[in-house]
Amino acid sequence: MLLALIVALACLPAASAAEYNTANAVSFIFSDTSITATGGSNTGYKINGTKLTLSGAGTYILSGTCYNGSVKVEKGTTDVTLVLKGLSLTSTDTAPIICAKSSHVTILAEAGSVNTLTDTAQNNDETHPENTNAENAVIKCKDGSQVTLGGSGTLNLVAKGKNGIKSGVT
C-alpha cells in the first residue's frame, strides 16, 4: 500500500512583486518535455530537458506543469530567490527542489498562486536502494544550506517517497 504525505504550507509573509527584484528575473516555464527561459540577463543556469540547474545568484520565477522535472541550486550558490508562480512539479526519482551544500535560497509562493511539488515512491533510497538520485524529500536542503520559505501563496508538498522537507545534519 502506497501512502502519501501531503503537506499544505501557508507561507508567511506576503510575497508581492515589491518584495523581490523582478528587474533581471529569469522566468522558467516547465512542461512535460522542456523548460522555456525568458527575460533577465542572468546566465547562471543550465537546462537539460526538464532539469534546471542554477549556479548564479538572482531571482528565478518558476511556473508551468511538469511530470518529471527538478530544480537544483548548486553547491555554494547564494542569494537565490525562487518565486513559485503556479508551478506543478513532480520528480520521479529525486527531489523536485534540491538546495545543495552551502547554498542560500529563498523559496516564495507568489500571492494568489497555488503550487504543488510532488515526488514518487522511488525517491526513497531505503526502499529503492538502486536509485542513486534519491534525496528522500520533496524539498531537500543539504548540509550547510540556508533555505527560507515565504510568500502568501499556497505551497502543497506531496511526499510519496519519504519526507516533505528534509535538511542536512547542520
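What follows is a chat about a predicted model of a protein chain.

Me: What's the mean pLDDT of the protein chain, to start with?
Reply: The mean is 89 in this predicted model, and 88% of the residues reach 70 or more.

Me: Where does pLDDT stay under 50?
Reply: Over residues 1–18. For that stretch the model has 46 contacts beyond four places in sequence.

Me: OK, on to strands. What order do the strands of the open six-stranded sheet have?
Reply: The order is S4-S5-S7-S9-S12-S15, and the pairing is mixed. The edge strands are S4 (45–48) and S15 (163–167), each of which pairs on one side only. From one strand to the next, the twist averages 15 degrees.

Me: S9 and S12 sit side by side in that order. How many bridges join them?
Reply: Three bridges, with S9 (residues 97–99) and S12 (residues 137–141) running parallel. If you want a spot to look at, Ile98 stands opposite Lys140 in S12.

Me: What about S11, which strands does it pair with?
Reply: S8 (residues 80–91) pairs with S11 (residues 114–119) in the parallel sense, over four bridges. S11 also pairs with S14 (residues 154–159), again in the parallel sense but over five bridges.

Me: And which residues partner up there?
Reply: Ser88 has Thr116 in S11 as its bridge partner. For Val114, the bridge partner is Thr154 in S14.

Me: Switching to cysteines. How many disulfides does a search of the whole structure find?
Reply: Zero.

Me: Why is there no bond between Cys141 and Cys99?
Reply: Because their sulfurs are 5.0 Å apart, which is too far for a bond. A disulfide needs the two sulfur atoms within 2.5 Å. Cys99 holds the closest cysteine sulfur to the one in Cys141.

Me: Is Cys141 buried or exposed?
Reply: Buried, because its relative accessibility is 7%. Cys66 counts as buried too, at 2%.

Me: Now loops. What's unusual to look at in Asp79's backbone?
Reply: Its phi is near 60 degrees, a positive value in a residue other than glycine. You'll find Asp79 in the loop between S7 (70–73) and S8.

Me: Buried or exposed, that Asp79?
Reply: Exposed, since its relative accessible area is 59%.

Me: And what's the phi of Asn136?
Reply: About 60 degrees, so a positive phi there too, although Asn136 is not a glycine. Asn136 lies in the loop between S11 and S12. It counts as buried, at 6% relative accessibility.

Me: Last topic, Lys142. Where does it lie?
Reply: In the loop between S12 and S13 (146–150). Lys142 is partly exposed, with a relative accessible area of 24%.

Me: Which residues is Lys142 in contact with, leaving aside its neighbours within four places in sequence?
Reply: Ile98, Cys99, Ala100, Lys101, Glu135 and Gly168. Take Cys99: along the chain Lys142 and Cys99 are 43 residues apart, yet their C-alpha atoms are separated by 6.0 Å.

Me: What does the side chain of Lys142 do with Glu135?
Reply: The two side chains make a polar contact, at 3.1 Å.

Technical notes
Residues numbered from 1 in each chain as written. Predicted model: local features only at pLDDT ≥ 70, side-chain atom pairs only at ≥ 80, totals over all residues. Heavy atoms only, no water. pLDDT = per-residue confidence, 0-100. Contact = heavy atoms within 4.5 Å. Pairing = 2+ DSSP bridges. Helix = DSSP H or I, 4+ residues; strand = E, 2+ residues; numbered from the N terminus. Buried < 20%, exposed > 50% of the residue type's maximum accessible area, 1.4 Å probe, protein only. Axes fitted to C-alpha atoms, helices over the stretch in contact; angles between N-to-C directions. Polar contact = N/O pair within 3.5 Å; in protein donor to acceptor, adjacent residues only side chain to side chain.
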